[in-house]
Structures are given as structure tokens and as C-alpha cells.
Amino acid sequence: MIESKIIVVGGGPAGSACARSLRRAGLDTLILDKKSFPRQKTCAGWVTPKVFKTLDLNPKTYPHTLNRFNRIHFHLFGIEFPVRTCQYAIRRYEFDEWMILRAKVPIYTHKVKLIRKHKGYYIIDDTYQCRYLVGAGGTHCPVYKKFFGKTAPRPAKAIISAVEKEYQCNFSDNRCHIWYFENRLPGYAWYLPKGNGWLNIGIGGKFLKLKKQNRTIMDHWHLFAKKLVKLSLIKQAPHDPKGHNYYFFHKTHTYNRDNLFIIGDAAGLSTLDMGEGIHAAIKSGIMAADAIANHKQFMPHGLTKFSLPGIFLTKNH
Ligand SMILES: Cc1cc2nc3c(=O)[nH]c(=O)nc-3n(C[C@H](O)[C@H](O)[C@H](O)COP(=O)(O)OP(=O)(O)OC[C@H]3O[C@@H](n4cnc5c(N)ncnc54)[C@H](O)[C@@H]3O)c2cc1C
């Protein structure tokens, strides 16, 4: 049996940030992730200045692909609104590996399946045991499913369906574009150039509203890809886009019970207007670590619920 005082299930931004803070507090911690890093993660990779602030890092010192935007070009019902701001784009493939290595805790590649409690310990797949268990496994987190699914159900109305493709291509427009409500999409679509020739395009929308329209997110993806070709932003629709569902902020009051914690997408913390989840993942990870280290109740209060005010208020500097 491999024992650690704390086990974090999932090494995305939430799990890595939590593990790093726990290690810095002198607590014995390890991470279990079903994938070995670097790994692909379906995500546009847009990060706000708040992310760097929370990580206590100057963006200039981030060692991987980083694109800084001084403007976002919003499009609404055919009208373009350029907004001055300061935002960033990273590649999750690089960012998540950088985050997990920065945590400097042991990492085991293991897909968590069975968790049980025995004499005050959480036993995972009869192989790992711990006193404190942190669920940072994203939407399908096994810690959420086993211990919080019934007491803190995530409502279907909070599901965001999203599809994206990140690939290297020759694109001529290095600006960031966002289209709201294209073809009645209950959400928005993006064109997000990264550094080093990488481009991310995608769409996201409210799952239940899509269902009411009798449309799938893939129907909207095809329409959007066609539009980008028509606008000459891309030459042809890319193959194999990847889709994923996650949850935006919803009413739940259970993020912590006994020595169990859920953070990031496992808790459903993305913003209501833009589905921004990286900041909430990192922040909730740090807050959960603080609660464990200082024997406090964990309530992720004060997390930003809307992204747009931050975009409009953050000026280029
Ligand atoms: C298409 C799309 C675009 C998005 N764009 C943005 C964006 O631009 N900006 C933004 O801020 N947010 C965006 N988001 C949301 C953002 O990706 C998530 O909110 C964020 O990744 C949450 O981080 P996390 O650490 O909680 O979970 P994750 O990043 O999902 O990490 C969970 C980890 O747990 C591991 N895991 C899962 N199950 C198990 C298991 N059984 N055993 C062991 N390990 C397991 C996984 O391998 C993974 O490494 C987007 C989401 C999607 C789907």
C-alpha cells in the first residue's frame, strides 16, 4: 500500500495548484492522474491576468507558448466591437505539465476506480491510502461521483457543451475573435491564435438550450467552421474536433465533508458568462489546501462568477 497524508485525484490546474500549496505547507501529498503528462486537454487555453496573479507569477517569466492580446474583437449580430483589454492564451498541453511539475510532489499514473473508507483512511483501488482526499478529477471526477454525487448534485441546466480544435496552421489574422449567439448558438464561438503558429477554434453553449433547439453542439461546430472558411480565417475545416461537457457555477453548498474535498471542474466552478474555469480551478485548489493545512471548513467563496467585467475593465498596460 502506498500511503500519503493527502491524495489529490487529478493533476489538472486544480489538483496541481492544491498539491503545490500543500507541499509548501509541509504536508505529505501525492497526485494520481489517469494520464501521464504532458497530456492533451480539451480547452481553448485563454487565461486572464488573474490567473498569473493567483499563481504569483509574472507572465513574462512563463516558460512556454504565450500570446498576449491587447484587444478582443467581439461580434454580435454582425456588428464588430473591438475591446481594449489584456488577456493571454496558453497551450494546455504545456501549461498543465508545467503546473504539475511545479507542484514538486510524487505523481502516479493511475486511473482511480474504487474508493472506500476504512478506519479513517480512504483506500483507493486497494493500492493507495490517505487521511485526506481531494477530488480534482474534472467533470467525471471519481471522488465527486462516490461522495458528493447524491448530496451535491450538479444540475443539467449548468452543463456547458463545448467543442474545440487546436492545431498548427498558417493563419494570417493574429487577432482574437469572439462571436456571440451565431446561428442562435446559446453561447459563443472563438478564434484564438496562440504563439508558435498554434490556433485554437471552438464553440461552447448551454446543453439544455441546445436540446430545446433540437441541435447538437456538433451541428453548430460545422456551421462555425464553414463561417471561418468563408471569412478566410482558415483554409478548411479541421478534422477531429474534440468535445467535452463541464459545469458552470451553480448552487451547491457541499464542497467539503469529513476529510473530503472537491475543487475545480469536479465542483463545477466555471464562470456563468464565458465558461472560464482555469482560474476557479487554481484558486479553489489553493483554498482547499489552506483549509486542510489550517483545519478550516472549505467554502470557495469569492470566486469570480462572471468573466466579462474583467475583460472590459482590464486595460492594456
Ligand atoms: C472546449 C473547452 C474550452 C475551454 N476553454 C477554456 C478557456 O479558454 N479558459 C478557461 O479558463 N477555461 C476553459 N475551459 C474550462 C477549463 O478547461 C476547465 O474549467 C479546467 O480545465 C478545470 O480544471 P480542473 O483541474 O478542475 O480539471 P481538468 O483540467 O479536467 O483536470 C482533471 C484531471 O483529472 C484526471 N482524471 C480524471 N478522471 C480521473 C480518474 N478516474 N483517475 C485519475 N485521474 C483522473 C484527468 O486526466 C485530468 O488530468 C474550457 C473547457 C472546454 C471543454
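**Group meeting: helix 1, the ligand shell and the two domains**

Let me begin just after helix 1, where G26 takes a positive phi of about 85°. I should say at once that this is a predicted model, and everything that follows is to be heard with that in mind.

Helix 1 itself covers residues 13-24, and with its twelve residues it reaches 16 Å from the first C-alpha to the last, which is close to the 16 Å expected at 1.5 Å a residue. Is this helix largely enclosed or largely open to the outside? Ten of its twelve residues are buried, so helix 1 is largely enclosed by the rest of the structure. The buried residues are P13, A14, G15, S16, A17, C18, A19, R20, S21 and L22, a list that includes the arginine R20. As for what lies over these residues, the cover includes strand 2 (6-9), strand 3, helix 3 (92-103), strand 11 (132-135) and helix 7.

That brings me to the ligand. There are 39 residues around the ligand, and of these G10, G12, G138, G264 and G277 come nearest. The elements that give two or more residues to this shell are helix 1, strand 3 (29-33), strand 12 (159-168), strand 15 (198-206), strand 16 (242-247) and helix 7 (278-293), and I would point out that strand 3 and helix 7 are also among the elements that cover the buried residues of helix 1. By class, the shell is made up of 14 nonpolar, 17 polar and eight charged residues.

Where does the ligand lie with respect to the domains? The protein is divided into domain 1, which takes in 2-69 + 92-155 + 247-313, and domain 2, which takes in 157-245. Both domains give residues to the shell around the ligand, so the ligand lies between them. The C-alpha centres of the two domains lie 26 Å apart, and 17 residues of domain 1 are in contact with 20 residues of domain 2. On the side of domain 1 that touches domain 2, the largest share, three residues, comes from strand 5 (residues 66-76), while the residues of that side divide into seven nonpolar, nine polar and one charged.

Strand 5 is worth following further, since five bridges join it to strand 13 (residues 176-180), and the two run parallel. Within this pairing, H73 has H177 as its bridge partner in strand 13, and H177 in turn has Y191 as its bridge partner in strand 14. Strand 13 and strand 14 (residues 187-193) pair in the antiparallel sense over four bridges, forming a hairpin with six residues between them, in whose turn F181 has a positive phi of about 60°.

Strand 14 is mostly covered, with seven of its seven residues buried. Strand 14 also pairs with strand 15, in the antiparallel sense and over seven bridges, and here P193 stands opposite L199 in strand 15. In this second hairpin, which has four residues between the strands, N196 takes a positive phi near 55°.

Finally, a separate piece of sheet. An open sheet of four strands has the order 1-10-9-8, with mixed pairing, and its edge strands, each pairing on one side only, are strand 1 (2-3) and strand 8 (115-118). Strand 1 pairs with strand 10 (residues 128-130) in the parallel sense over two bridges, and I2 has Y128 as its bridge partner in strand 10.

Definitions and conventions: Residues are numbered from 1 along each chain as its sequence is written. This is a predicted model: local features need pLDDT of at least 70, side-chain atom pairs count only at pLDDT 80 or more; totals for chains, interfaces and linings use all residues. A residue is near a molecule or strand if its C-beta atom, placed from the backbone, lies within 6 Å of it. Ala, Val, Leu, Ile, Met, Phe, Trp, Tyr, Cys and Pro count as nonpolar, Asp, Glu, Lys and Arg as charged, and the others, Gly among them, as polar. Domain bounds come from an automatic or database domain assignment. Two residues are in contact if their C-beta atoms, placed from the backbone, lie within 7 Å. Two strands pair if DSSP finds at least two bridges between them. The expected span of a helix is 1.5 Å times one less than its number of residues. A residue is buried if 20 or more other C-beta atoms lie within 10 Å of its own, exposed if 12 or fewer, and partly exposed in between; C-beta atoms are placed from the backbone.
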